[in-house]
Amino acid sequence: QGMATYNPVSVVDVSSGENSVQPLELDRHNPEVCRDSRIFSLRDPWQVVAIVGLFMFIGLLGGMLLIYDLTGRMWPAFLLTLHLSLSLWTIHSFIPSENFASPPPSLCRRLVLTFLNSFLLCFIYPTAIAVLSRTVFTDMDGTNILEYTSHNHSVRILHFFSWLIGMIHFGAEFLSVCILFPYRLYGINLAECAWFPSTFLARLDCEDLISDVNKQRLRRSLRWTILLLFYLSLGMLSWSLMSMVVHWGNWQQPRNKSPHCDPMDKTECILPFPSFHFTVPDNSSRTGWRVHFPTDVLPSLKGRLAMDPTFLNELDGFSTMAPLLFYLDGLKNAQESHMNEPKLQGPQSIALSVTPDSITLLLDVEQKLLVHHSAEIDYLDPEKPLVLVFPSQPLRHNAHYALVVANARNANGNVIAPKDELRALLSDTNENSRSIRYRTSVLPSLFEAANWTKQLHDSERLQLIFDFPTISNESQLGQVKAVRDATLNQIKDWDWARRVEVVQIQNNNCEKSGQSVARTIHGKLAVPWFLKNFGPGHRGATLNKEAVKSGTSTTIGKAHFVVHIPCSIRAAALMHSKNASDLKAFLDYGHGLFNNRGEASWGTLLRLANRNGYIIMGMDWRGMSSYDLLIVVKALMSKPSLFVAIRDNLIQGYANKLSLLHFSQNGMLDMDWMHFSGGLTFAKNKIPTYEQKVPSSIFYGISQGGILGAGFSILLGPTKLITRIILGSPGTPFALILSRSLQFSAYDAIMLLNFYNNRDVRIFLNFAQMLWDSCEGSGFLASPYLETYPRILLQTGLGDPIVPTLAAEALTRALGGVVLPKNPRKNIFGIPDGVAATGDFLGPNVTLTELLFKREYESLPQSDNYAGVQMNDVHWCVREDKTLIFQIEEFINTGRILDVCSNCVRDKAEC
């Protein structure tokens, strides 16, 4: 190779008659020998890469452990394990063996390894780490997210460590190549020059150098160490590769042979859902029942891992708004053939769902009434699609319901045969409790609710029956209401001046063109804490049940907030006459899906505030913010039971926002950072309020802010902390919204890494809905609802592919809302026409205003089959539309609901 050989200096022992090689005695006084004996010579490239390999193992191992901790799976670390294994094997081959017969590595191999390692270690890994740290572990105000403090420190160490190792490797190889090229081209050995730094360390005296024998031992030790690390990395590579095969592979779902399965439907062990079959009597609960899912009946996760049902088995009934699920072979083809026979009545024909034209009948067993609903094929799983049955509005708490499927036909027009299990249950000789309940309670109630169903008795046209208890108000809403009441009771006498920490104040030049905000304040607010833990490592903490029950917080936590003071209010405080506006309202903004309070700096919102004199404030939806995305991904990807933590963190987030609203009305205007100095008196001037009245307190939420905001603002209704509510692009329930949203495809792809098919994903969404009910409108509005809530304005766009209008309709029906006469759509089921504000009449208590985008609305499918649907701008145009903004301004300023829809039709979405 043109390089110095690695053979030790030796002599031949002639007397022995054999060519035996003996090491020479090291001459420590010979500078040439001294130089060649140095252990860290730049002419020995294996020394550099061996040391780099040792440190690389430590760094990449730390990265793998971090990835596993954040995701619960090993496959995301596959590239790291592959990089580490290949690097260690290459490094091992660079270290000469004991006989030193193998040639040194070629220059090409060395340069390739150096380039790849340096590129990955100095650029790719640090960039990924920096993005993770900045977007997830660091708050928008520049401080660390408290719960991720240890993670943030770890990634910063990894960032520096990765860069350092890469630079050392690159620098050492650069110096080594500087020696090699002159030697090859001109025969000049720079390493022999006295002035050249031929070691990584300081120049050593010969007395400190070690013998060739020790060099051999070092080589041997490093070879074995690198080989051991290689085998360890190979094991981790195998683990990650196996994890990738298991979770990315399209595997057949193993058949569930559990003896606990519901025999009514063999498609999935847990179907039909929900059902009394998965409950047990419990005299301690309000319903007299307790949900009971044995571990072996839930959909198994990939790798045949079991899902933990504990979070479901704590409930005393099933969701009041989640879809009812069942499967009937042949029903999909029949529905798609558009027969005029009785069929599934979808969202566009809810009125027919209680007539003989519907094959699904939702029955309130106790009240002997048929319940309006929509029923449709679930195209989330096109092979064996379930049927989704959504109540038109929330079911009653603590009630007995049943779903009856009758007169269903296949694509040939033939009546689908009843399930054998149903025939057995309806037999007069069957003494099973389920059979007795069907014969003595469900069917008599059905026949009384609809006379025309009496012909179904002992009929072959009755295909399926399943019944279930709904959850009680106490089980569904007990914890969130207890946290609300305990928070309000604890903070009612607080001196907020001692409970606020200012992180950053940003003053802006209001003379600058287009500037709407005079001052932005980032701060931390003390809040009562009801989660089990507070501090680093506890973003996935759950509620402390004892603390909730006793009404005493576990500790005092901190919640970040932001406040924007518009230029018009600053002008009023400084008594300027130009563009001045007294404070009319505090506007609490609710951000969108997995965003954060930074969304409150949205330009149109700030201009709205500046024109009218609103102070904008925002706080994250803890549990569903950008800082919770890792917990959500882990729940979807590996640990579904983490949804309890998401629900519980949302409840804590509601307590945080309640505290912010209380602070805004009890001391915020007295804070020093709310005063402005200058003007005519050069004194610190307080912000003046409009007509010297107490400012209104408005909640304005968009998208996720509208969905969660419905539950949050209704929860706070009795507290009087909110004057009026504006919900943009809202809806309920999440289980309806998700599969009709184009944004769902990404989350579905993540869940399919954990579940075998989309049927299991749909079932899991129902489980999640049982928890979400505690935080969104569908849970709060289930009757009997005995609390009051403020007046509400809902605004939505027809043609929205993100939050479907169907969900806004469901929320409006649950709220008892109306549409105004000029609304683009007429005759929306369950939503009557109302009267707009006139004279002293302020208008309806709850109003839905729709903005019609013709092209986009006509392109959306009526089912949940969104394959091929293109993304459009309707979801964003609603919040930017001048007509709807004018309606919002009037509602905030005067409380009046105007009918603005003489101009609510658009040809297409352009904003």
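In this predicted model, strands E7, E6, E10 and E11 line up in that order as an open sheet of 4 strands, with antiparallel pairing. The edges belong to E7 and to E11 (462–469), each of which pairs on one side only. On average, neighbouring strands of this sheet are turned by 30° against each other, direction ignored.

Let's look at strand E6 and its partners. E6 covers residues 360–364, and the table shows how it is joined to E10 and to E7.

| Strand paired with E6 | Residues | Bridges | Sense | Citation |
|---|---|---|---|---|
| E10 | 400–406 | 5 bridges | antiparallel | |
| E7 | 369–371 | 3 bridges | antiparallel | |

Residue by residue, Thr360 has Val405 of E10 as its bridge partner. Towards E7, Asp364 is bridged to Leu369, while Leu363 stands opposite Leu370. The link from E6 to E7 is a hairpin with 4 residues between the two strands. In that turn, Lys368 has a positive phi of about 55°.

How many of the 5 residues of E6 are buried? The count is 5 of the 5, so the strand is largely enclosed by the rest of the structure. It helps to recall that side chains in a regular strand alternate between the two faces of the sheet. In E6, Thr360, Leu362 and Asp364 lie on one side, and Leu361 and Leu363 lie on the other. Both faces are covered, with the residues on either side all buried.

A helix also meets this sheet. H10, made of residues 433–449, lies across E6, E7, E10 and E11. Its direction is at about 100° to E11.

Now for a pair of helices elsewhere in the sequence. Packed helices are described by the angle between their axes and the distance between the axes. For H16 (residues 643–665) and H20 (residues 758–772), the angle is about 30° and the axes are 9 Å apart. That angle makes H16 roughly parallel to H20, because angles under 35 degrees count as roughly parallel. The crossing of H16 and H20 is right-handed.

Which residues bring H16 and H20 into contact? From H16 come Phe643, Val644 and Arg647, and they meet Phe764, Ala768, Leu771 and Trp772 of H20. By character, the contact has 6 nonpolar residues, no polar ones and 1 charged.

Technical notes:
Residues numbered from 1 in each chain as written. Predicted model: local features only at pLDDT ≥ 70, side-chain atom pairs only at ≥ 80, totals over all residues. Heavy atoms only, no water. Axes fitted to C-alpha atoms, helices over the stretch in contact; angles between N-to-C directions. Parallel < 35°, antiparallel > 145°, perpendicular 65-115°, else oblique. Left-handed = near helix turned anticlockwise from the far one by under 90°. Contact = heavy atoms within 4.5 Å. Nonpolar A, V, L, I, M, F, W, Y, C, P; charged D, E, K, R; others polar. Buried < 20%, exposed > 50% of the residue type's maximum accessible area, 1.4 Å probe, protein only. Pairing = 2+ DSSP bridges.
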